[in-house]
Amino acid sequence: MKICNVITALLGAAACAGLAIAQTAQTPVDTREVAAGDRRSALPAGWEQGAFMEIFVRAYRDSDGDGIGDLRGLTQSLDHLQSLGVRGIWLMPITRNADGDHGYATTDFRDIAPEYGTLADFDELIRQAHARGIGVIMDYVINHSAASHPLFEQARQGPAAPYRDWYVWSETAPAGWDIWGKYPWYAVSAQPWKWTGEVKDLPLAPPGTRDFYFGTFGPHMPDFNFRNPAVLAYHLSSLRFWLNRGLDGFRLDAVPHLIENSATAWNDQPESRALTKQLQDLIKGYERRSVVCEATAAPQAYGDPAVCGGAFAFGLEQQIVAAARGEPAAVQAVAAYYRQAPPTMASFLSSHDIFAGRRLWDQFGGQIAPYKLAAATYLLLPGTPYIYYGEEVGQAGVADLPGDEPLRSPMSWVPDAARAGFTTGRPFRPVAPNVATHNVQTQAADPRSILNFYKAMLALRNTFPSLARGRFEASVADGQVLSWQRRLDDETTVVLINYGLQAAEAELQSLPARARLLAAYPADDAPLRVNSAGRALVVLEPQSVRVLRVQR
(Lines give C-alpha, C1' and ligand atoms only; values in the text may rest on other atoms or scores of the structure.)
Protein backbone atom coordinates (compact mmCIF):
# COMPACT_ATOMS: atom_id res chain seq x y z
CA MET A 1 0.00 0.00 0.00
CA LYS A 2 1.37 3.47 -0.84
CA ILE A 3 2.53 5.65 2.06
CA CYS A 4 0.12 8.44 1.12
CA ASN A 5 -2.80 5.96 1.09
CA VAL A 6 -1.90 4.87 4.60
CA ILE A 7 -1.68 8.46 5.79
CA THR A 8 -4.99 9.30 4.13
CA ALA A 9 -6.69 6.32 5.73
CA LEU A 10 -5.44 7.27 9.17
CA LEU A 11 -5.47 11.07 9.12
CA GLY A 12 -7.54 12.13 6.15
CA ALA A 13 -6.71 13.38 2.68
CA ALA A 14 -5.40 16.74 3.88
CA ALA A 15 -2.51 15.07 5.68
CA CYS A 16 -0.99 14.02 2.37
CA ALA A 17 -1.40 17.32 0.58
CA GLY A 18 1.94 18.57 -0.68
CA LEU A 19 3.89 15.46 0.25
CA ALA A 20 6.13 14.07 -2.45
CA ILE A 21 6.22 10.28 -2.26
CA ALA A 22 9.33 8.66 -3.66
CA GLN A 23 8.03 5.33 -4.90
CA THR A 24 11.41 3.59 -4.96
CA ALA A 25 12.15 4.25 -1.30
CA GLN A 26 8.52 4.55 -0.12
CA THR A 27 9.68 7.53 1.93
CA PRO A 28 7.59 10.69 2.30
CA VAL A 29 9.40 13.94 1.52
CA ASP A 30 7.92 17.20 2.69
CA THR A 31 7.90 19.58 -0.28
CA ARG A 32 5.10 21.78 1.03
CA GLU A 33 5.43 25.53 0.78
CA VAL A 34 6.46 27.12 4.06
CA ALA A 35 5.34 30.68 4.68
CA ALA A 36 7.39 33.16 6.68
CA GLY A 37 6.73 33.00 10.41
CA ASP A 38 7.89 35.26 13.22
CA ARG A 39 10.72 37.36 11.77
CA ARG A 40 11.87 38.86 15.06
CA SER A 41 15.22 38.07 16.67
CA ALA A 42 15.94 37.09 20.25
CA LEU A 43 19.52 38.38 19.98
CA PRO A 44 21.03 41.82 20.61
CA ALA A 45 21.92 44.09 17.72
CA GLY A 46 25.41 43.44 16.37
CA TRP A 47 25.69 39.88 17.65
CA GLU A 48 26.70 38.67 14.18
CA GLN A 49 29.85 40.83 14.23
CA GLY A 50 31.29 38.84 17.09
CA ALA A 51 33.40 35.72 16.62
CA PHE A 52 31.78 32.41 15.61
CA MET A 53 32.74 28.87 16.49
CA GLU A 54 32.55 26.25 13.74
CA ILE A 55 31.32 23.04 15.33
CA PHE A 56 31.26 19.51 13.97
CA VAL A 57 28.45 18.18 16.17
CA ARG A 58 29.57 14.56 15.72
CA ALA A 59 32.88 15.43 17.34
CA TYR A 60 31.93 18.03 19.93
CA ARG A 61 30.32 16.29 22.91
CA ASP A 62 28.36 13.04 23.31
CA SER A 63 25.48 13.17 25.80
CA ASP A 64 24.37 9.53 25.70
CA GLY A 65 27.58 7.46 25.60
CA ASP A 66 27.21 6.08 22.07
CA GLY A 67 30.54 7.63 21.02
CA ILE A 68 28.94 10.16 18.64
CA GLY A 69 28.45 13.81 19.51
CA ASP A 70 24.91 15.17 19.51
CA LEU A 71 22.85 18.32 19.94
CA ARG A 72 22.25 17.70 23.64
CA GLY A 73 25.99 17.43 24.18
CA LEU A 74 26.49 20.75 22.44
CA THR A 75 23.75 22.35 24.55
CA GLN A 76 25.54 21.10 27.67
CA SER A 77 28.72 22.81 26.43
CA LEU A 78 27.34 26.29 25.77
CA ASP A 79 28.83 27.70 28.97
CA HIS A 80 32.32 27.06 27.57
CA LEU A 81 31.48 28.99 24.42
CA GLN A 82 29.96 31.83 26.40
CA SER A 83 33.01 32.11 28.68
CA LEU A 84 35.29 32.04 25.65
CA GLY A 85 33.47 35.07 24.26
CA VAL A 86 32.06 33.75 20.99
CA ARG A 87 28.83 35.33 19.80
CA GLY A 88 27.79 32.76 17.23
CA ILE A 89 27.93 29.07 16.37
CA TRP A 90 28.12 27.55 12.90
CA LEU A 91 26.86 23.99 12.88
CA MET A 92 28.27 21.77 10.17
CA PRO A 93 25.48 19.69 8.53
CA ILE A 94 22.99 18.35 11.06
CA THR A 95 20.20 17.35 8.64
CA ARG A 96 19.49 13.75 7.68
CA ASN A 97 22.11 12.54 5.24
CA ALA A 98 23.51 9.48 3.51
CA ASP A 99 27.16 9.83 4.43
CA GLY A 100 27.18 10.20 8.22
CA ASP A 101 30.60 11.52 9.09
CA HIS A 102 30.78 13.88 6.12
CA GLY A 103 27.18 15.03 6.29
CA TYR A 104 26.94 16.89 2.98
CA ALA A 105 24.87 14.26 1.12
CA THR A 106 21.46 15.39 2.37
CA THR A 107 18.46 13.05 2.35
CA ASP A 108 16.02 15.35 4.15
CA PHE A 109 16.39 19.12 4.20
CA ARG A 110 13.81 19.54 6.97
CA ASP A 111 14.83 17.08 9.66
CA ILE A 112 17.70 16.33 12.03
CA ALA A 113 20.09 13.41 11.53
CA PRO A 114 18.85 10.86 14.11
CA GLU A 115 22.31 10.27 15.57
CA TYR A 116 22.36 13.97 16.51
CA GLY A 117 18.91 14.07 18.08
CA THR A 118 15.50 15.47 17.24
CA LEU A 119 13.88 18.72 16.22
CA ALA A 120 12.97 19.17 19.89
CA ASP A 121 16.68 18.93 20.75
CA PHE A 122 17.40 21.52 18.07
CA ASP A 123 14.75 23.86 19.49
CA GLU A 124 16.24 23.51 22.97
CA LEU A 125 19.73 24.28 21.65
CA ILE A 126 18.42 27.46 20.05
CA ARG A 127 16.62 28.47 23.25
CA GLN A 128 19.65 27.86 25.46
CA ALA A 129 22.07 29.58 23.06
CA HIS A 130 19.85 32.64 22.82
CA ALA A 131 19.65 32.80 26.61
CA ARG A 132 23.43 33.25 26.56
CA GLY A 133 23.42 35.84 23.77
CA ILE A 134 24.77 33.33 21.24
CA GLY A 135 23.35 33.00 17.74
CA VAL A 136 23.21 29.72 15.82
CA ILE A 137 23.59 29.28 12.08
CA MET A 138 23.69 25.98 10.23
CA ASP A 139 25.11 24.54 7.04
CA TYR A 140 22.57 24.42 4.25
CA VAL A 141 23.72 22.18 1.40
CA ILE A 142 21.74 23.76 -1.40
CA ASN A 143 23.64 22.72 -4.55
CA HIS A 144 22.88 19.00 -4.41
CA SER A 145 21.21 16.17 -2.55
CA ALA A 146 22.30 12.65 -1.80
CA ALA A 147 21.90 10.14 -4.62
CA SER A 148 19.81 8.18 -2.12
CA HIS A 149 17.47 11.13 -1.56
CA PRO A 150 13.93 9.85 -2.27
CA LEU A 151 13.37 12.53 -4.91
CA PHE A 152 16.47 11.50 -6.86
CA GLU A 153 15.65 7.81 -6.48
CA GLN A 154 12.36 8.60 -8.16
CA ALA A 155 13.88 10.96 -10.76
CA ARG A 156 16.40 8.35 -11.85
CA GLN A 157 13.69 5.97 -13.01
CA GLY A 158 13.51 7.56 -16.46
CA PRO A 159 12.69 10.69 -18.49
CA ALA A 160 9.00 10.55 -17.58
CA ALA A 161 9.59 10.08 -13.84
CA PRO A 162 8.20 12.61 -11.37
CA TYR A 163 10.83 15.09 -10.13
CA ARG A 164 13.00 14.23 -13.10
CA ASP A 165 13.47 17.92 -13.87
CA TRP A 166 14.59 18.63 -10.31
CA TYR A 167 18.05 17.34 -11.30
CA VAL A 168 20.37 17.92 -14.26
CA TRP A 169 20.30 15.28 -17.01
CA SER A 170 21.75 14.55 -20.44
CA GLU A 171 20.78 11.84 -22.91
CA THR A 172 24.42 11.38 -23.86
CA ALA A 173 27.69 11.84 -22.00
CA PRO A 174 28.72 15.47 -22.74
CA ALA A 175 32.29 15.94 -23.94
CA GLY A 176 34.98 18.24 -22.62
CA TRP A 177 34.01 18.42 -18.96
CA ASP A 178 36.63 18.43 -16.20
CA ILE A 179 35.91 19.61 -12.65
CA TRP A 180 38.92 19.39 -10.38
CA GLY A 181 40.33 16.55 -12.45
CA LYS A 182 37.11 14.52 -12.58
CA TYR A 183 34.41 13.96 -15.18
CA PRO A 184 31.12 15.15 -13.55
CA TRP A 185 28.53 13.23 -15.61
CA TYR A 186 27.45 9.84 -14.32
CA ALA A 187 25.41 7.04 -15.85
CA VAL A 188 22.42 5.81 -13.90
CA SER A 189 22.90 2.30 -12.58
CA ALA A 190 20.33 -0.48 -12.71
CA GLN A 191 20.01 -0.37 -8.92
CA PRO A 192 19.74 2.60 -6.56
CA TRP A 193 23.07 3.88 -5.32
CA LYS A 194 23.76 3.10 -1.68
CA TRP A 195 26.42 4.53 0.61
CA THR A 196 29.11 1.97 1.45
CA GLY A 197 31.41 4.19 3.48
CA GLU A 198 33.48 5.49 0.59
CA VAL A 199 32.94 7.69 -2.44
CA LYS A 200 33.02 5.66 -5.64
CA ASP A 201 31.60 5.88 -9.14
CA LEU A 202 28.25 4.36 -9.83
CA PRO A 203 28.33 1.23 -12.00
CA LEU A 204 27.60 2.09 -15.62
CA ALA A 205 24.15 1.52 -17.04
CA PRO A 206 23.57 -1.42 -19.41
CA PRO A 207 24.76 -0.95 -23.02
CA GLY A 208 22.45 1.30 -25.03
CA THR A 209 21.30 3.31 -22.02
CA ARG A 210 21.57 7.04 -22.64
CA ASP A 211 20.92 8.58 -19.26
CA PHE A 212 23.51 10.73 -17.50
CA TYR A 213 23.16 13.05 -14.51
CA PHE A 214 25.43 15.83 -13.30
CA GLY A 215 27.28 15.82 -9.97
CA THR A 216 29.79 18.59 -9.27
CA PHE A 217 31.07 16.76 -6.20
CA GLY A 218 30.72 13.18 -7.39
CA PRO A 219 28.12 10.52 -8.18
CA HIS A 220 26.85 10.32 -4.61
CA MET A 221 25.65 13.97 -4.69
CA PRO A 222 23.65 14.86 -7.84
CA ASP A 223 23.16 18.57 -8.53
CA PHE A 224 19.75 20.16 -8.34
CA ASN A 225 18.41 21.86 -11.47
CA PHE A 226 18.01 25.49 -10.43
CA ARG A 227 16.62 26.40 -13.83
CA ASN A 228 13.45 24.74 -12.55
CA PRO A 229 11.53 27.31 -10.43
CA ALA A 230 10.06 24.52 -8.32
CA VAL A 231 13.53 23.61 -7.05
CA LEU A 232 14.27 27.13 -5.89
CA ALA A 233 10.82 27.40 -4.31
CA TYR A 234 11.41 24.17 -2.40
CA HIS A 235 14.71 25.40 -1.00
CA LEU A 236 13.33 28.82 -0.10
CA SER A 237 10.60 27.06 1.86
CA SER A 238 13.17 24.83 3.54
CA LEU A 239 15.16 27.89 4.61
CA ARG A 240 11.97 29.36 6.09
CA PHE A 241 11.34 26.06 7.88
CA TRP A 242 14.49 26.58 9.96
CA LEU A 243 14.23 30.36 10.28
CA ASN A 244 10.71 29.99 11.64
CA ARG A 245 12.14 27.77 14.39
CA GLY A 246 14.43 30.62 15.47
CA LEU A 247 17.61 29.74 13.57
CA ASP A 248 19.81 32.81 13.17
CA GLY A 249 21.09 32.25 9.66
CA PHE A 250 22.97 29.94 7.34
CA ARG A 251 26.30 29.01 5.93
CA LEU A 252 25.38 28.37 2.29
CA ASP A 253 27.44 25.56 0.82
CA ALA A 254 29.00 25.67 -2.65
CA VAL A 255 26.83 28.48 -4.04
CA PRO A 256 29.06 29.21 -7.10
CA HIS A 257 27.94 25.83 -8.48
CA LEU A 258 24.17 26.35 -8.56
CA ILE A 259 24.19 26.86 -12.34
CA GLU A 260 26.55 25.41 -14.97
CA ASN A 261 26.33 26.78 -18.50
CA SER A 262 28.92 24.67 -20.32
CA ALA A 263 32.09 22.63 -19.95
CA THR A 264 34.09 25.85 -19.89
CA ALA A 265 31.56 28.01 -18.01
CA TRP A 266 30.62 25.90 -15.01
CA ASN A 267 32.09 27.82 -12.08
CA ASP A 268 30.70 31.04 -10.59
CA GLN A 269 28.23 31.91 -13.32
CA PRO A 270 26.18 35.15 -13.21
CA GLU A 271 23.03 33.10 -12.68
CA SER A 272 24.57 31.55 -9.53
CA ARG A 273 25.27 34.99 -8.09
CA ALA A 274 21.71 36.10 -8.82
CA LEU A 275 20.32 33.03 -7.08
CA THR A 276 22.58 33.61 -4.09
CA LYS A 277 21.24 37.16 -3.77
CA GLN A 278 17.70 35.73 -3.66
CA LEU A 279 18.75 33.41 -0.84
CA GLN A 280 20.35 36.28 1.05
CA ASP A 281 17.27 38.46 0.64
CA LEU A 282 15.01 35.78 2.07
CA ILE A 283 17.27 35.09 5.05
CA LYS A 284 17.87 38.74 5.89
CA GLY A 285 14.18 39.42 5.55
CA TYR A 286 14.19 38.01 9.07
CA GLU A 287 15.56 40.32 11.77
CA ARG A 288 19.29 40.18 12.61
CA ARG A 289 20.03 37.06 10.60
CA SER A 290 23.49 36.17 9.33
CA VAL A 291 24.56 34.71 5.97
CA VAL A 292 27.99 33.46 4.98
CA CYS A 293 28.78 31.75 1.67
CA GLU A 294 31.35 29.16 0.72
CA ALA A 295 32.69 30.55 -2.54
CA THR A 296 36.25 29.54 -3.30
CA ALA A 297 36.11 30.91 -6.84
CA ALA A 298 35.68 34.61 -6.03
CA PRO A 299 35.32 35.09 -2.27
CA GLN A 300 35.30 38.88 -2.21
CA ALA A 301 32.60 39.04 -4.89
CA TYR A 302 30.32 36.89 -2.73
CA GLY A 303 31.14 39.00 0.33
CA ASP A 304 29.53 41.94 -1.44
CA PRO A 305 26.01 42.73 -0.15
CA ALA A 306 24.88 42.63 -3.81
CA VAL A 307 25.57 38.87 -3.87
CA CYS A 308 25.76 37.00 -0.55
CA GLY A 309 26.70 39.71 1.95
CA GLY A 310 29.26 37.45 3.62
CA ALA A 311 31.84 34.96 2.37
CA PHE A 312 34.85 33.08 3.67
CA ALA A 313 38.13 34.86 2.95
CA PHE A 314 39.84 31.93 1.25
CA GLY A 315 43.52 32.67 0.75
CA LEU A 316 43.81 35.12 3.64
CA GLU A 317 44.33 32.27 6.09
CA GLN A 318 47.51 31.22 4.27
CA GLN A 319 48.88 34.76 4.37
CA ILE A 320 48.14 35.12 8.08
CA VAL A 321 49.90 31.85 8.90
CA ALA A 322 52.91 32.88 6.78
CA ALA A 323 52.96 36.33 8.41
CA ALA A 324 52.96 34.71 11.85
CA ARG A 325 56.07 32.82 10.75
CA GLY A 326 57.68 36.19 10.05
CA GLU A 327 57.54 36.25 6.22
CA PRO A 328 57.62 39.97 5.21
CA ALA A 329 55.75 39.46 1.92
CA ALA A 330 52.88 37.83 3.81
CA VAL A 331 52.85 40.69 6.33
CA GLN A 332 52.42 43.05 3.37
CA ALA A 333 49.59 40.91 1.98
CA VAL A 334 47.72 40.89 5.30
CA ALA A 335 48.11 44.65 5.61
CA ALA A 336 46.61 45.14 2.14
CA TYR A 337 43.71 42.66 2.29
CA TYR A 338 41.04 44.81 3.92
CA ARG A 339 42.02 47.94 2.03
CA GLN A 340 39.86 46.52 -0.77
CA ALA A 341 37.97 43.50 0.62
CA PRO A 342 34.50 44.17 2.07
CA PRO A 343 34.33 44.08 5.88
CA THR A 344 31.67 41.37 5.54
CA MET A 345 34.30 38.72 4.83
CA ALA A 346 34.58 35.75 7.19
CA SER A 347 38.13 35.00 8.24
CA PHE A 348 39.51 31.72 9.55
CA LEU A 349 42.79 29.88 10.09
CA SER A 350 41.63 26.29 9.65
CA SER A 351 38.38 24.46 9.06
CA HIS A 352 36.82 21.05 8.39
CA ASP A 353 38.30 20.96 4.86
CA ILE A 354 41.86 19.75 4.43
CA PHE A 355 42.32 21.91 1.33
CA ALA A 356 42.26 24.94 3.65
CA GLY A 357 45.12 23.53 5.70
CA ARG A 358 45.83 21.26 8.61
CA ARG A 359 44.84 22.11 12.15
CA LEU A 360 46.64 25.24 13.31
CA TRP A 361 48.71 23.35 15.89
CA ASP A 362 50.13 21.16 13.15
CA GLN A 363 50.76 24.06 10.78
CA PHE A 364 52.98 25.68 13.41
CA GLY A 365 54.56 22.44 14.54
CA GLY A 366 53.48 23.07 18.12
CA GLN A 367 55.10 26.52 18.34
CA ILE A 368 52.85 28.54 20.61
CA ALA A 369 54.16 32.08 19.96
CA PRO A 370 53.32 32.22 16.21
CA TYR A 371 50.08 30.36 16.92
CA LYS A 372 48.98 33.22 19.18
CA LEU A 373 50.12 35.87 16.71
CA ALA A 374 48.06 34.30 13.94
CA ALA A 375 45.05 34.18 16.25
CA ALA A 376 45.43 37.82 17.26
CA THR A 377 45.69 38.85 13.63
CA TYR A 378 42.40 37.41 12.43
CA LEU A 379 40.48 38.00 15.66
CA LEU A 380 41.30 41.75 15.56
CA LEU A 381 41.13 42.41 11.82
CA PRO A 382 37.85 43.43 10.12
CA GLY A 383 35.52 40.68 9.05
CA THR A 384 33.86 38.00 11.14
CA PRO A 385 36.29 35.45 12.57
CA TYR A 386 35.32 31.77 12.51
CA ILE A 387 37.23 29.70 15.06
CA TYR A 388 37.39 25.96 14.33
CA TYR A 389 36.41 23.89 17.35
CA GLY A 390 39.47 22.86 19.38
CA GLU A 391 41.58 25.63 17.88
CA GLU A 392 41.09 27.64 21.08
CA VAL A 393 43.03 25.02 23.06
CA GLY A 394 45.63 24.12 20.42
CA GLN A 395 44.10 20.77 19.55
CA ALA A 396 46.25 18.76 17.14
CA GLY A 397 45.03 16.72 14.20
CA VAL A 398 45.01 12.93 14.23
CA ALA A 399 47.62 11.56 11.85
CA ASP A 400 47.31 8.64 9.43
CA LEU A 401 43.62 9.10 8.70
CA PRO A 402 42.24 9.63 5.18
CA GLY A 403 40.78 12.78 3.67
CA ASP A 404 39.43 15.37 6.09
CA GLU A 405 39.31 12.97 9.04
CA PRO A 406 42.54 14.23 10.69
CA LEU A 407 40.71 17.55 11.24
CA ARG A 408 37.53 16.06 12.66
CA SER A 409 38.49 14.25 15.84
CA PRO A 410 36.62 14.53 19.16
CA MET A 411 36.91 17.79 21.08
CA SER A 412 39.58 17.76 23.81
CA TRP A 413 37.79 18.60 27.06
CA VAL A 414 39.94 16.89 29.72
CA PRO A 415 43.36 15.15 29.78
CA ASP A 416 42.02 11.66 29.08
CA ALA A 417 43.88 9.88 26.28
CA ALA A 418 41.01 7.44 25.74
CA ARG A 419 37.91 9.65 25.70
CA ALA A 420 39.05 13.29 26.09
CA GLY A 421 35.92 14.02 28.13
CA PHE A 422 34.00 13.79 24.86
CA THR A 423 32.07 10.62 25.70
CA THR A 424 31.61 7.98 28.38
CA GLY A 425 31.72 5.36 25.64
CA ARG A 426 34.13 4.64 22.83
CA PRO A 427 34.79 7.68 20.62
CA PHE A 428 33.88 7.25 16.96
CA ARG A 429 37.42 8.42 16.07
CA PRO A 430 40.72 8.59 17.99
CA VAL A 431 41.18 11.68 20.15
CA ALA A 432 43.88 14.30 19.53
CA PRO A 433 47.44 13.15 20.24
CA ASN A 434 48.16 16.20 22.44
CA VAL A 435 45.02 15.84 24.57
CA ALA A 436 47.07 15.44 27.77
CA THR A 437 48.18 19.08 27.68
CA HIS A 438 45.90 20.83 25.21
CA ASN A 439 42.39 20.46 26.54
CA VAL A 440 39.86 22.86 28.03
CA GLN A 441 40.37 21.82 31.64
CA THR A 442 44.17 22.08 31.64
CA GLN A 443 44.33 25.22 29.53
CA ALA A 444 41.77 27.06 31.66
CA ALA A 445 44.05 26.71 34.68
CA ASP A 446 47.09 28.20 32.91
CA PRO A 447 46.99 32.00 32.56
CA ARG A 448 49.51 31.85 29.69
CA SER A 449 47.66 29.18 27.73
CA ILE A 450 46.29 29.39 24.22
CA LEU A 451 42.76 29.24 25.63
CA ASN A 452 43.26 32.25 27.86
CA PHE A 453 44.91 34.15 25.02
CA TYR A 454 41.83 33.54 22.85
CA LYS A 455 39.64 34.75 25.71
CA ALA A 456 41.73 37.93 25.95
CA MET A 457 41.50 38.64 22.23
CA LEU A 458 37.76 38.03 22.13
CA ALA A 459 37.28 40.20 25.22
CA LEU A 460 38.96 43.04 23.31
CA ARG A 461 36.70 42.51 20.32
CA ASN A 462 33.61 42.39 22.54
CA THR A 463 34.65 45.41 24.63
CA PHE A 464 35.61 47.84 21.87
CA PRO A 465 32.96 48.26 19.14
CA SER A 466 35.64 49.68 16.82
CA LEU A 467 37.40 46.29 16.79
CA ALA A 468 34.18 44.48 15.92
CA ARG A 469 32.80 46.78 13.23
CA GLY A 470 35.00 49.85 12.87
CA ARG A 471 36.63 51.14 9.68
CA PHE A 472 40.02 49.73 8.76
CA GLU A 473 42.58 52.51 8.39
CA ALA A 474 46.30 53.30 8.39
CA SER A 475 47.45 49.72 7.86
CA VAL A 476 51.23 49.64 7.63
CA ALA A 477 53.57 46.70 7.07
CA ASP A 478 57.22 47.37 7.84
CA GLY A 479 59.31 44.21 7.58
CA GLN A 480 57.93 41.88 10.22
CA VAL A 481 55.82 44.51 11.96
CA LEU A 482 52.15 45.13 11.12
CA SER A 483 49.93 47.89 12.50
CA TRP A 484 46.45 49.14 11.74
CA GLN A 485 43.74 51.35 13.21
CA ARG A 486 40.03 50.68 13.69
CA ARG A 487 37.66 53.65 13.94
CA LEU A 488 33.98 53.81 14.87
CA ASP A 489 32.37 57.13 15.76
CA ASP A 490 34.63 58.68 18.43
CA GLU A 491 36.43 55.43 19.28
CA THR A 492 39.81 54.54 17.77
CA THR A 493 41.86 51.48 18.59
CA VAL A 494 45.34 50.65 17.34
CA VAL A 495 46.64 47.11 16.83
CA LEU A 496 50.37 46.38 16.52
CA ILE A 497 51.94 42.96 15.96
CA ASN A 498 55.63 42.13 15.79
CA TYR A 499 56.00 38.77 14.05
CA GLY A 500 59.80 38.91 14.29
CA LEU A 501 62.18 37.29 16.74
CA GLN A 502 63.77 40.66 17.61
CA ALA A 503 62.36 43.72 19.36
CA ALA A 504 61.17 46.38 16.93
CA GLU A 505 59.83 49.92 16.74
CA ALA A 506 56.68 50.99 14.92
CA GLU A 507 55.86 54.57 14.04
CA LEU A 508 52.16 55.32 14.12
CA GLN A 509 50.72 58.13 12.03
CA SER A 510 47.40 59.85 11.36
CA LEU A 511 46.47 60.01 15.04
CA PRO A 512 44.87 62.99 16.83
CA ALA A 513 47.58 65.45 17.82
CA ARG A 514 48.71 65.14 21.43
CA ALA A 515 46.28 62.32 22.18
CA ARG A 516 47.13 59.69 24.75
CA LEU A 517 47.48 56.02 23.82
CA LEU A 518 46.20 53.88 26.67
CA ALA A 519 47.04 50.20 26.98
CA ALA A 520 44.19 47.80 26.22
CA TYR A 521 46.48 44.78 25.80
CA PRO A 522 48.66 44.07 27.68
CA ALA A 523 46.70 46.11 30.18
CA ASP A 524 49.73 46.99 32.33
CA ASP A 525 51.69 48.78 29.58
CA ALA A 526 52.44 52.43 30.24
CA PRO A 527 50.46 55.10 28.34
CA LEU A 528 52.07 56.81 25.34
CA ARG A 529 51.73 60.35 23.98
CA VAL A 530 51.06 61.33 20.37
CA ASN A 531 53.12 64.31 19.18
CA SER A 532 51.80 67.48 17.57
CA ALA A 533 52.13 65.91 14.10
CA GLY A 534 49.88 62.98 15.02
CA ARG A 535 52.71 60.49 15.33
CA ALA A 536 53.88 58.12 18.05
CA LEU A 537 56.72 55.64 18.38
CA VAL A 538 55.85 52.27 19.91
CA VAL A 539 58.39 49.67 21.04
CA LEU A 540 57.34 46.06 20.50
CA GLU A 541 58.78 43.00 22.19
CA PRO A 542 59.67 40.01 19.98
CA GLN A 543 56.62 38.05 18.76
CA SER A 544 54.21 40.30 20.61
CA VAL A 545 50.83 41.98 20.31
CA ARG A 546 49.86 45.43 21.59
CA VAL A 547 46.42 47.00 21.45
CA LEU A 548 46.04 50.69 22.30
CA ARG A 549 43.00 52.89 22.62
CA VAL A 550 43.14 56.55 21.71
CA GLN A 551 42.15 59.09 24.34
CA ARG A 552 41.73 62.56 22.89
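The exercises below work through a predicted model, each with a stepwise solution.

Residues are numbered from 1 along each chain as its sequence is written. Local features need pLDDT of at least 70 and side-chain atom pairs count only at pLDDT 80 or more, while totals for chains, interfaces and linings use all residues; side-chain values use heavy atoms, with hydrogens and water left out.

**Exercise 1. The sheet**

Determine the strand order of the six-stranded open sheet and state which strands stand at its edges.

Solution.
1. Helices (H or I, at least four residues) and strands (E, at least two) are DSSP runs, numbered from the N terminus.
2. Two strands pair if DSSP finds at least two bridges between them.
3. The order of the six strands is S16-S17-S18-S23-S20-S21, with antiparallel pairing.
4. S16 (471–478) and S21 (528–529) each have a single partner strand, so one side of each is left without a neighbour in the sheet.
5. Six bridges join S16 to S17 (residues 481–488) in the antiparallel sense. Glu473 stands opposite Gln485 in S17.

**Exercise 2. Helices on the sheet**

Find the strands on which helices H11 and H13 lie, and give the angles.

Solution.
1. Contact means heavy atoms within 4.5 Å. Axes are lines fitted to C-alpha atoms, for helices over the stretch in contact, and angles run from 0 to 180 degrees between N-to-C directions.
2. H11 (residues 328–340) packs on the sheet and touches S16 and S17. The direction of H11 makes about 160° with that of S16.
3. H13 (residues 368–380) lies across S17, S18 (491–498) and S23 (544–551). The angle of H13 to S18 is about 155°.

**Exercise 3. The disulfide**

Locate the disulfide and describe its geometry and surroundings.

Solution.
1. A disulfide is a pair of cysteine sulfur atoms within 2.5 Å. One is found when the whole structure is searched.
2. The partners are Cys293 and Cys308, with sulfur atoms 2.1 Å apart.
3. The link of Cys293 and Cys308 is right-handed, with 90° about the S-S bond.
4. Cys293 belongs to strand S12 (residues 290–293) and Cys308 to the loop between helix H9 (299–303) and strand S13 (311–312), so the pair ties together parts that are 15 residues apart in sequence.
5. Buried means under 20% relative accessible area, exposed over 50%, and partly exposed in between (1.4 Å probe, protein chains only). Both Cys293 and Cys308 are buried.

**Exercise 4. Helix H10**

Which residues of H10 are buried, and what do they pack against?

Solution.
1. H10 spans residues 316–324, and seven of its nine residues are buried.
2. These are Leu316, Glu317, Ile320, Val321, Ala322, Ala323 and Ala324.
3. The buried residues of H10 pack against H11, strand S14 (345–347), helix H12 (360–363) and H13.
4. Gly326, just after H10, takes a positive phi of about 90°.

**Exercise 5. Backbone geometry in loops**

Assign Pro522, Tyr163 and Asp400 to their loops and describe the backbone there.

Solution.
1. Pro522 is in the loop between strand S20 (516–521) and S21. The peptide bond from Tyr521 to Pro522 is cis, with omega near -15°.
2. Tyr163 is in the loop between helix H6 (150–155) and strand S8 (169–170). Though not a glycine, Tyr163 has a positive phi of about 65°. Its relative accessibility is 23%, so Tyr163 counts as partly exposed.
3. Asp400 is in the loop between strand S15 (384–388) and helix H14 (440–444). Asp400 is not a glycine either, yet has a positive phi of about 65°. At 81% relative accessibility, Asp400 counts as exposed.

**Exercise 6. A strand residue**

Is Thr106 buried or exposed, and which residues does Thr106 contact?

Solution.
1. Thr106 lies in strand S6 (residues 106–112).
2. The relative accessibility is 1%, so Thr106 counts as buried.
3. Outside the neighbours within four places in sequence, Thr106 is in contact with Thr95, Arg96, Asn97, Val141, Ser145, Ala146 and His149.
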